[in-house]
Amino acid sequence: MDKFPGSQAPNDRGPSSIPGVSSVPPLDPQYFYVQGQGLQIVSKRYLSAIKKGIFFIIPCIDTYCKVDLRTVSFDVPPQEILSRDSVTVAVDAVVYYRISNATIAISNVEDYGHSTRLLAATTLRNVLGTKNLSEILSERESISHVMQASLDEATDPWGVKVERVEIKDVRLPVQLQRAMAAEAEAAREARAKVIAAEGEQRASRALKEASEVIADSPSALQLRYLQTLGFIATEKNSTIVFPVPLELFKCFLKKDE
């Protein structure tokens, strides 16, 4: 009984054309054509697609393989990487991929999932090995795009489409974390001292201008003195110190001379 109604028996030149099924050039030693998720190897010579509905598998002759076309994600194990500036970091990532061609995924590679995982780990090490530590920490998005393009190009002959790659975490050695924290703290303290010095410089200039104004008008000094007393009185202090102006002693100094 013919297993494929309406089709001719397969010959050495490959399967005959079937309505709704696209054929591809024969691959040695098998010939393939694709249609959907379900794939059936007929007599170990032809790989055909199975449509929806009831189908039959001949034991010990036919083999059925189901391929999931949904997007699959997996974690890349943490990789110990030596950056370009000789810093050892542990980096892990997550990869999202899907099967774009079920026939190629089954026929061209033994295990497309395992192969993609190994290739992702290797690509992560190769890409990050050309970056400095500062670039790894600040340019995660560009690194993810480079990895995605490299993986997609390498897995295209396997019928795998890499949709997205994301860098999850970058782990630094504890000693390096302490050194970076000390460096950042020293940089913040240096900036704080510079800001304080600039403030003192501006304040001294303002005081100089104020002293010049007060020197031109002696009454301004008296008003400033009364303003200071009023400010001290609002603080509810029990003791108030009254400074004595030096002008009161000028007459005594002249008599001594």
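**View 1. Lys 161 and Asp 152 pair up in a salt bridge.** In this predicted model, the closest N and O atoms of Lys 161 and Asp 152 are 2.8 Å apart. The two partners sit in different accessibility classes: Lys 161 is partly exposed, with a relative accessible area of 29%, whereas Asp 152 comes in at 17% and counts as buried. Look also for the network in which salt bridges with shared partners link Asp 92, Asp 169 and Arg 171. How many salt bridges are there by the count? The count comes to eight. As a reminder, side chains of opposite charge can pair when their charged atoms come close.

**View 2. A salt bridge connects strands E6 and E8.** Here Lys 168 meets Asp 75, with 3.6 Å between the closest N and O atoms. Lys 168 belongs to strand E8 and Asp 75 to strand E6, so this pair ties together parts that are 93 residues apart in sequence. Is Lys 168 buried or partly exposed? Lys 168 is partly exposed, at 42% relative accessible area.

**View 3. Asp 68 and Arg 70 join their side chains in a salt bridge.** The N to O distance in this pair is 2.9 Å. Asp 68 has a relative accessible area of 31%, so Asp 68 is classed as partly exposed. Arg 70 reaches 59%, and that puts Arg 70 in the exposed class.

**View 4. Three antiparallel strands form an open sheet.** Read across the sheet and the order is E6-E7-E8. Which strands are the edge strands? They are E6 (72-82) and E8 (160-171), each of which pairs on one side only. From one strand to the next, the twist averages 25 degrees. Strands of a sheet pair through backbone hydrogen bonds, either parallel or antiparallel. On one side of E7, nine bridges join that strand to E6; E7 (residues 88-99) is also joined to E8, by 10 bridges. To get your bearings on the E7-E8 pairing, find Val 94, which stands opposite Glu 166 in E8. For the E6-E7 pairing, start at Leu 82, whose bridge partner in E7 is Thr 88. E7 is also mostly covered, with nine of its 12 residues buried.

**View 5. Helices H2 and H4 lie against the sheet.** Helix H2 (residues 112-128) goes across E6, E7 and E8, and its direction is at about 35 degrees to E6. Helix H4 (residues 140-155) packs on the sheet too, touching E7 and E8. What angle does the direction of H4 make with that of E8? It makes about 145 degrees.

**View 6. Thr 116 is a buried residue of helix H2.** At 1% relative accessibility, Thr 116 falls under the 20% cut-off, so Thr 116 counts as buried. Which residues does Thr 116 touch, leaving aside those up to four places away in sequence? The contacts are Phe 74, Tyr 97, Thr 155, Trp 158 and Val 160. Thr 116 itself has its place in helix H2, the helix that lies across E6, E7 and E8.

**View 7. Ser 86 takes a positive phi in the hairpin of E6 and E7.** The hairpin has five residues between its strands, and Ser 86 lies in that loop between E6 and E7. Phi of Ser 86 is near 60 degrees, a positive value in a residue other than glycine. Why point that out? Most residues other than glycine have a negative phi. Is Ser 86 buried or exposed? With a relative accessible area of 59%, Ser 86 is exposed.

**View 8. Phe 55, Ile 57 and Tyr 64 make a nonpolar surface patch.** The patch covers about 250 Å². To find Phe 55, go to the loop between strand E4 (46-50) and strand E5 (63-66). Phe 55 has 37% relative accessibility, so Phe 55 counts as partly exposed.

How values were computed:
Residues numbered from 1 in each chain as written. Predicted model: local features only at pLDDT ≥ 70, side-chain atom pairs only at ≥ 80, totals over all residues. Heavy atoms only, no water. Patch = residues over 30% accessible without salt bridge, like charges linked within 9 Å, V, L, I, M, F, W, Y side chains within 5 Å. Areas by Shrake-Rupley, 256 points an atom, 1.4 Å probe, with all protein chains shown as cover. Salt bridge = Lys/Arg side-chain N within 4 Å of Asp/Glu carboxyl O. Helix = DSSP H or I, 4+ residues; strand = E, 2+ residues; numbered from the N terminus. Buried < 20%, exposed > 50% of the residue type's maximum accessible area, 1.4 Å probe, protein only. Pairing = 2+ DSSP bridges. Axes fitted to C-alpha atoms, helices over the stretch in contact; angles between N-to-C directions. Contact = heavy atoms within 4.5 Å.
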